[in-house]
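Dear colleague,

I am handing over to you the structure shown below. Please keep it open while you read the notes that follow it.

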Amino acid sequence: MSRFAEVIVLASNEKETMEPLTQPDDSREWSGCFTDIGHGMFGGWAIEFVRRSRWIGLLEHLESLPWKSPHSVQVLVHDEEDECFGLWMIHDGRLVEIPLPRTRRAFWPSHYTGEVDPDDPGILIRTDGPGGWPDGG
């Protein structure tokens, strides 16, 4: 399955922490390298993935980094079917999605198993758009 995704990390004064992620490393569970897009006070790094399998483990990896200011870390994730970027931040040592007003994350069970795949990010849907929420809510 081809699931394009963009991930942007914004973090204040964290160039040293993010530097290793701008270099290739075959030992990481996820693949690819971030590109430094930061300017000014906040640093910024971006990466694009062409398959979901390429970014499995990324959020957990980011969560585990030795951040100097974990409260400043913001991770924006846009999967190809998302209607907007989702926002993730570190709370109590965990990288968690921050609910955005007028959005809901949808998960659909597999046609084969009837279960939701635990690695499936679902899709982020705007509830105030022309289509609204799929179940009418």
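The notes below take up the sheet, the aromatic residues, the largest pocket and one loop residue in turn. Please bear in mind that this is a predicted model.

To begin with the sheet, six strands form an open arrangement in the order 2-3-1-4-5-6, with antiparallel pairing. Its edges are strand 2, at residues 35-36, and strand 6, at residues 94-98, each of which pairs on one side only. The partner of strand 2 is strand 3, which covers residues 42-49; two bridges join them in the antiparallel sense. Within this part of the sheet, Thr35 stands opposite Ala46 of strand 3.

The aromatic residues come next. A search of the whole structure gives three aromatic pairs. One of them is formed by Trp30 and Phe34, whose rings are edge-to-face, at 5.9 Å centre to centre and with 80° between the planes. Are these two residues buried or exposed? Trp30 has a relative accessible area of 2% and is therefore buried, since the limit for that class is under 20%. Phe34, at 3% relative accessibility, also counts as buried. Both residues belong to a cluster in which ring pairs link Trp30, Phe34, Phe49 and Trp55. Trp30 has a further contact, with a charged residue: the charged end of Arg28 sits over the ring of Trp30, 4.3 Å from the ring centre.

Trp55, a member of that cluster, appears again in the largest pocket. This pocket has a volume of about 360 Å³. Its lining consists of 22 residues, and those nearest the centre are Arg52, Trp55, Leu59, Glu60 and Trp88. Helix 2 (58-64), strand 4 (74-79) and strand 6 are the elements that give two or more residues to the lining. Helix 2 provides the largest share, with four residues. By residue class, the lining of the pocket divides into 10 nonpolar, two polar and 10 charged residues.

Finally, I would draw your attention to Pro66, which is placed in the loop between helix 2 and strand 4. Pro66 has a relative accessible area of 66%, and because the exposed class begins over 50%, Pro66 is exposed. In sequence Pro66 and Glu48 are 18 residues apart, while in space they are 23 Å apart, C-alpha to C-alpha.

With kind regards

Conventions:
Residues are numbered from 1 along each chain as its sequence is written. This is a predicted model: local features need pLDDT of at least 70, side-chain atom pairs count only at pLDDT 80 or more; totals for chains, interfaces and linings use all residues. Side-chain values use heavy atoms; hydrogens and water are left out. Two strands pair if DSSP finds at least two bridges between them. On a 1 Å grid over the protein atoms alone, a cavity is a set of points where a 1.4 Å probe fits but cannot get out, and a pocket is an open set with protein on both sides within 12 Å along at least five of seven lines; lining residues have an atom within 4 Å of a point. Grid points are joined across faces, edges and corners, and a volume is the space filled by probe spheres set on the points. Ala, Val, Leu, Ile, Met, Phe, Trp, Tyr, Cys and Pro count as nonpolar, Asp, Glu, Lys and Arg as charged, and the others, Gly among them, as polar. Buried means under 20% relative accessible area, exposed over 50%, partly exposed in between (1.4 Å probe, protein chains only). Rings of Phe, Tyr and Trp (its six-membered ring) pair if their centres lie within 6.5 Å; planes under 30 degrees apart count as stacked, over 60 as edge-to-face and the rest as tilted. A charge sits over a ring if NZ of Lys or CZ of Arg is within 6 Å of the ring centre and within 35 degrees of the ring normal.
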